[in-house]
Amino acid sequence: MACMRIYRRFGDSVTNPARFEVQRTQHGLSATPFEFPKNPSPFSAIKNGIQKWTHRLRNEEVLQWRALAFSFFSSLFLFRRSIDVKLASLWAYLTTSSSLIPRIFRTDSYEWVLAVTAFFFYIHFFWYADVSVRKASEQGKIHPWRKYRLQDRFEADKHRRSVERKLRRNGETPFQNEVVTDYSEVTKQAGWNWKAWTCEVWVYVVPLLTWDILSPRRHRRLAAFGAPTTIQVLRDITCGLLLYDILFFTGHILMHKIPLIYRTIHAKHHQEPEVRAGDVVRLSMVEEVLEVGFSIIALNALGAHPISRSIYNLIITFLLTELHCGFDFPWTPQNVVPFGLATGSRRHHFHHRNGKHYYQKFFFHVDRLFGYFQKDDGSLHGDSVKPNPHIPPAWQ
């Protein structure tokens, strides 16, 4: 019966493909594949958007760290009242308890001891990363962190461009994957700045310790503060970093633009074109005074709370070390902070290698305003400032 109904409707077109082609069009039958409507419902658009972001979140490391940072700062605002209660308890403990940690907190040398200790741990973490990558390369292995190491990426990119030029001269078409897959040279490392810990650290420590002994003052300052709030701590740290960055930019650009100042004060910091974490403390005595002075001026001008100053010291020492570390890890601020607002190791690596541009330390707004950045005009040789650089496939 079903066959008869089909025959009555289409006739001999069932056995005649030419007629069937005409009739299926007449009856609304189309050979075009099924397509989604051009104007999907709002719910479909939302669903597709969620699926797209979920896919990106699973596959992009930087996006994962951005989501984590957003969750952290959002929770600070959402639970700020509960955090304020904890901060009040912490403040009471630090100012009244006779335990070891509160007593250290109340000493005049507390802040610079905290900064030196933080530098020690941060510098040696990146030193460990450096040594691990180098040892793996010497053994003919590819360390998982090698793709984040700026010097290795720069040398691999230089090798790729060199081979591509040779291929073009010979009339061949270069294929990036084939050109750099076998790149396995061991990148020469700059020497470790061991003098920083055996000699230079005392130039920093002894004057501060002497000043603390001769002029005790912290107990009076602590008495002037009450318990902080979450918003106050966030404001102190953010504004402190911004103000320090502007003060440093002013001094830094003068050091580069005036040859006499550069030779006598800043040249020591630029001894090595390939910076390492230990170079964060490779400073002349004048620079050490300026570095510490700018930070103290910024915090004092804002009237920052002692707890804010403690967290600020932990953050700024990390940022300074990361700036010189020579690695581009996905969790660093230069990648997590969107829109290229944060300067980090990529831009500072370019600054050391070329001796120009990127005079700010942590932010990018002043450099951008005055044009102190590498333009996309084909003169950039290497990928040290690119957020998505070329990385040899063999390192992935």
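The lining of the largest pocket holds 30 nonpolar, five polar and three charged residues. Here Ala, Val, Leu, Ile, Met, Phe, Trp, Tyr, Cys and Pro count as nonpolar, Asp, Glu, Lys and Arg as charged, and the others, Gly among them, as polar. The model is predicted: local features need pLDDT of at least 70, side-chain atom pairs count only at pLDDT 80 or more, and totals for chains, interfaces and linings use all residues. Residues are numbered from 1 along each chain as its sequence is written, and side-chain values use heavy atoms, without hydrogens and water.

A pocket is an open set of points on a 1 Å grid over the protein atoms alone, where a 1.4 Å probe fits, with protein on both sides within 12 Å along at least five of seven lines; lining residues have an atom within 4 Å of a point. Volume is the space filled by probe spheres set on the points, which are joined across faces, edges and corners.

| Pocket | Volume | Lining | Largest share |
|---|---|---|---|
| Largest | about 1,400 Å³ | 38 residues | α4, 10 residues |
| Second largest | about 1,100 Å³ | 49 residues | α10, nine residues |

F72, F73, I237, I315 and V337 lie closest to the centre of the largest pocket. For the second largest, the closest are W112, Y204, L208, V292 and I296. Its lining has 26 nonpolar, 11 polar and 12 charged residues.

F364 is buried (under 20% relative accessible area, 1.4 Å probe, protein chains only), because its relative accessibility is 6%. Beyond four places in sequence, F364 touches G340, L341, T343, R347, Y358 and F373, with contact meaning heavy atoms within 4.5 Å.

How values were computed:
Buried means under 20% relative accessible area, exposed over 50%, partly exposed in between (1.4 Å probe, protein chains only). Helices (H or I, at least four residues) and strands (E, at least two) are DSSP runs, numbered from the N terminus.
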